[in-house]
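Work through the exercises below with the coordinates open. Each task is followed by a solution in steps.

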Amino acid sequence: MSLNIDLHSHSRQSDGVLSPAEVAARAQANGVDWWALSDHDETSGLSEAAQAARDLGMGFIPGVEISVTFCGKTVHIVGLNIDPDNADLAAGLAEIRLGRFDRAKLVAERLAECGVADAFEGALRHVDNPDLISRVHFARHLLEQGHVKSLQQAFDRYLGENKRAFVPTQWASLEQAVGWIRGAGGKAVIAHPGRYKYTPQQRDALFQAFKDLGGQGVEVVTGSHTPAQYEQYARLALTYGFQASRGSDFHAPGVGRVDLGRMPDLPDSLVPVWRDWIQEEHRP
Ligand code: AMP
Ligand code: MN
Ligand code: MN
Ligand code: MN
């Protein structure tokens, strides 16, 4: 039986709801053999995650999911097998987190205009790591206060792109993100490409620029993709010579399409991003 490898997940250190150790325990309970925590723009959960994985006898790959602006839209680049102590990576992520704080103030101003008072303080009550405030924390506040009936509705009405309280942000450049990840000894992977609302031309521009910068992989099997998209991005991985990754993008129990480790295997035709790190017979 092939190894169950899940290289994309979130903890309370960004916009997930479980602690890193709780995510580790859930991954192991779901049969995951090798796991990566990949919090948004943040590596502070990795030492707890690594220790928890060791205690559980589960393999661990340190990860991060970096917010990038490319062609005017947000793209997520996952860095795998990174050294979180790398100074350039740490400084770059710290700067992105500051941008999140400034954005959050503006989101709260927009929400106040829409009749949602004190949203900054409200969102902060859902934040575990004061360095990392996300739109998801605003969504949880809106839901808790009865302004919306679901997190999805919070995005559809207020927080999603071009909705009433959407504040555009300039994240890192693609060049910076790939450079930080590679400089920290890691592999850069385009996260959930099926989620971006690019034209085919813009998507090709992203894939080509990413390749030219030294990006190595693309997520093919992810919680954000439909089975048709597994096939579509498998073909594109082969076209561009990218390795392929598999990750649930788990945030919270019962949220999202799939739970930790609960996706199909990568198609056999692809080279997995973990090939140099994990041998098939080699259980942790
Ligand atoms: P941010 O990085 O703060 O802009 O927030 C983006 C995060 O919001 C993503 O990583 C998802 O976890 C979440 N998200 C984005 N769109 C939606 C949506 N339509 N419904 C629920 N969560 C979403
Ligand atoms: Mn998220
Ligand atoms: Mn993402
Ligand atoms: Mn993610």
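**Exercise 1. Aromatic rings**

Task: Classify F207 and Y233 as buried or exposed, and find which geometry the ring pair has.

Solution. The model is a predicted one.

Step 1. Both F207 and Y233 are buried.

Step 2. The ring centres of F207 and Y233 are 6.5 Å apart and the planes meet at 40 degrees, so this pair is tilted. The class follows from the cut-offs, because planes under 30 degrees apart count as stacked and those over 60 as edge-to-face.

Step 3. F207 belongs to helix 8 (residues 200–212) and Y233 to helix 9 (residues 227–240), so the contact ties together parts 26 residues apart in sequence.

Step 4. Repeat the procedure for F207 and Y240. Here the centres lie 5.3 Å apart with planes at 65 degrees, so the pair is edge-to-face. This pair also links distant parts of the chain, with F207 in helix 8 and Y240 in helix 9, 33 residues apart.

Step 5. Check the accessibilities: F207 has a relative accessible area of 0% and is buried, and Y240, at 11%, is buried as well.

Step 6. Extend the network. F207, F210, Y233, Y240 and F242 form one aromatic cluster. The count of aromatic pairs comes to 8.

**Exercise 2. Charges over rings**

Task: State which ring K105 lies over, and which ring the charged end of R164 sits over.

Solution.

Step 1. K105 lies over the face of F120, 4.2 Å from the ring centre.

Step 2. The charged end of R164 is placed over the ring of Y158, at 5.1 Å from the centre of that ring.

**Exercise 3. The manganese ions**

Task: List which residues coordinate the manganese ion (ligand 2) and which are the protein donors of the manganese ion (ligand 4), then place the donors in the chain.

Solution.

Step 1. For the manganese ion (ligand 2), D15 (OD), H40 (NE2) and H251 (NE2) coordinate at 2.1 to 2.2 Å. The spacing of these donor residues in sequence is D-x24-H-x210-H.

Step 2. D15 is in the loop between strand 1 (5–6) and helix 1 (20–29), and H40 is in the loop between strand 2 (34–37) and helix 2 (46–56), so the two tie together parts 25 residues apart.

Step 3. D15 counts as buried at 5% relative accessibility, and H40 counts as buried at 7%.

Step 4. For the manganese ion (ligand 4), the protein donors are H8 (NE2), H10 (NE2), E65 (OE) and D249 (OD), at 2.0 to 2.2 Å. Along the chain they follow H-x1-H-x54-E-x183-D.

Step 5. H8, in the loop between strand 1 and helix 1, and E65, in strand 3 (residues 59–70), form a pair 57 residues apart that links distant parts of the chain. At 0% relative accessibility H8 counts as buried, and E65 is also buried, at 0%.

Step 6. Separations between ions: ligand 4 and ligand 2 are 4.6 Å apart, while ligand 2 and ligand 3 are 5.4 Å apart.

**Exercise 4. Surroundings of ligand 1**

Task: Find which residues lie around ligand 1 and how much of its area the protein buries.

Solution.

Step 1. The residues around ligand 1 are D15, H40, R100, R103, S134, R135, V136, Q152, F155 and H251.

Step 2. Polar side-chain atoms of D15 and S134 are each 3.1 Å from an oxygen atom of ligand 1. A polar side-chain atom of Q152 lies 3.1 Å from a nitrogen atom of ligand 1.

Step 3. Ligand 1 taken alone exposes 500 Å², of which the protein buries 78%.

Notes:
Residues numbered from 1 in each chain as written. Chains lettered and ligands numbered in written order. Predicted model: local features only at pLDDT ≥ 70, side-chain atom pairs only at ≥ 80, totals over all residues. Heavy atoms only, no water. Donors = N, O, S within 2.8 Å, 3.2 Å for Na, K, Ca; no water. Helix = DSSP H or I, 4+ residues; strand = E, 2+ residues; numbered from the N terminus. Buried < 20%, exposed > 50% of the residue type's maximum accessible area, 1.4 Å probe, protein only. Phe/Tyr/Trp six-rings, centres within 6.5 Å; stacked < 30°, edge-to-face > 60°. Lys NZ or Arg CZ within 6 Å of the ring centre and 35° of its normal. Near = heavy atom within 4 Å. Polar contact = N/O pair within 3.5 Å; in protein donor to acceptor, adjacent residues only side chain to side chain. Areas by Shrake-Rupley, 256 points an atom, 1.4 Å probe, with all protein chains shown as cover.
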